[in-house]
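Please open the model in your viewer, show the side chains as sticks, and keep the sequence panel at hand for the selections that follow.

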Amino acid sequence: IVKQKRYRTMNQDGVLNHMAKFTEEEIISIRKRRDNGENKECVYMDYSDRVLKQSFDKIWDNKSYKNI
């Protein structure tokens, strides 16, 4: 059995990760819009060109970018 290496992105989470799709301000904006009662699908449409729905749902549900 050949062991495969898994590469981490320099142990950087959230917006500090070099592959991050969002800025801290955008994450805050998404969550404020959620807290103000905006429809999740409408907010997602503003970001759908950069991220898949599944990833957006994790931001919306506070399962990713937890440090913000």
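In which helix does R31 lie? Select R31 and you will find that this residue lies in helix α1, which covers residues 24-35; helices here are DSSP runs of H or I with at least four residues, strands are runs of E with at least two, and both are numbered from the N terminus. Before going further, note that this is a predicted model, in which local features need pLDDT of at least 70 and side-chain atom pairs count only at pLDDT 80 or more, while totals for chains, interfaces and linings use all residues. Residues are numbered from 1 along each chain as its sequence is written, and side-chain values use heavy atoms, with hydrogens and water left out.

**The chain as a whole**

Colour the protein chain by secondary structure, and three helices and zero strands appear, in the order α-α-α along the sequence. Buried residues, meaning those under 20% relative accessible area (exposed is over 50% and partly exposed lies in between, with a 1.4 Å probe and protein chains only), make up 26% of the 68 residues. If contact is taken as heavy atoms within 4.5 Å, then among contacts between residues at least 6 apart in sequence, 47% join residues at least 24 apart.

**Around R31**

Return to R31 and display its surroundings: leaving aside neighbours within four places in sequence, R31 is in contact with I59, N62, S64, Y65 and I68. R31 is buried yet has no salt bridge, a term that requires a side-chain nitrogen of Lys or Arg within 4 Å of a carboxyl oxygen of Asp or Glu. The nearest side chain of opposite charge belongs to D35, 7.8 Å away, where Lys and Arg count as positive and Asp and Glu as negative, His and the chain ends not being counted. Draw two distances instead: the R31 side chain reaches the backbone oxygen of I59 at 3.2 Å, and it reaches the backbone oxygen of S64 at 2.7 Å.

**The aromatic rings**

Next, select the aromatic residues. Rings of Phe, Tyr and Trp (its six-membered ring) pair if their centres lie within 6.5 Å, and planes under 30 degrees apart count as stacked, over 60 as edge-to-face and the rest as tilted. How many aromatic pairs does a search of the whole structure find? The search finds five, and one of them, F22 with Y47, is edge-to-face, at 5.4 Å centre to centre with 70 degrees between the planes. This pair links distant parts of the chain, with F22 in the segment before α1 and Y47 in the loop between α2 (40-45) and α3 (53-60), 25 residues apart. Both F22 and Y47 are buried.

Keep F22 selected and add Y65: the ring centres of F22 and Y65 are 6.3 Å apart and their planes are at 80 degrees, so this pair is edge-to-face. Here F22 in the segment before α1 is linked with Y65 in the segment after α3, 43 residues apart, and both F22 and Y65 are buried. Extend the selection to Y44, F56 and W60, and you have the cluster that ring pairs form from F22, Y44, Y47, F56, W60 and Y65.

**From the rings to the charges**

Now select K53, which lies over the face of Y44 at 5.7 Å from the ring centre; a charge sits over a ring if NZ of Lys or CZ of Arg is within 6 Å of the ring centre and within 35 degrees of the ring normal. Side chains of opposite charge can pair when their charged atoms come close. A salt bridge joins E41 and K53, their closest N and O atoms being 3.3 Å apart. Since E41 lies in helix α2 and K53 in helix α3, the pair ties together parts that are twelve residues apart in sequence. E41 is partly exposed, at 40% relative accessibility, and K53 is also partly exposed, with a relative accessible area of 23%.

K53 also meets D57 in a salt bridge of 2.6 Å, N to O, and these two residues both lie in helix α3, four residues apart, about one turn of the helix. Adding K40 completes the selection, as K40, E41, K53 and D57 are linked in a network of salt bridges.

Which residue forms a salt bridge with E26? Select R50, whose closest approach to E26 is 2.8 Å between N and O atoms. This pair links E26 in helix α1 with R50 in the loop between α2 and α3, 24 residues apart. R50 counts as partly exposed, at 32% relative accessibility.

Notes:
A polar contact is a pair of N or O atoms within 3.5 Å; within protein, one must be able to donate a hydrogen and the other to accept it, and residues adjacent in sequence count only if both atoms are side-chain atoms.
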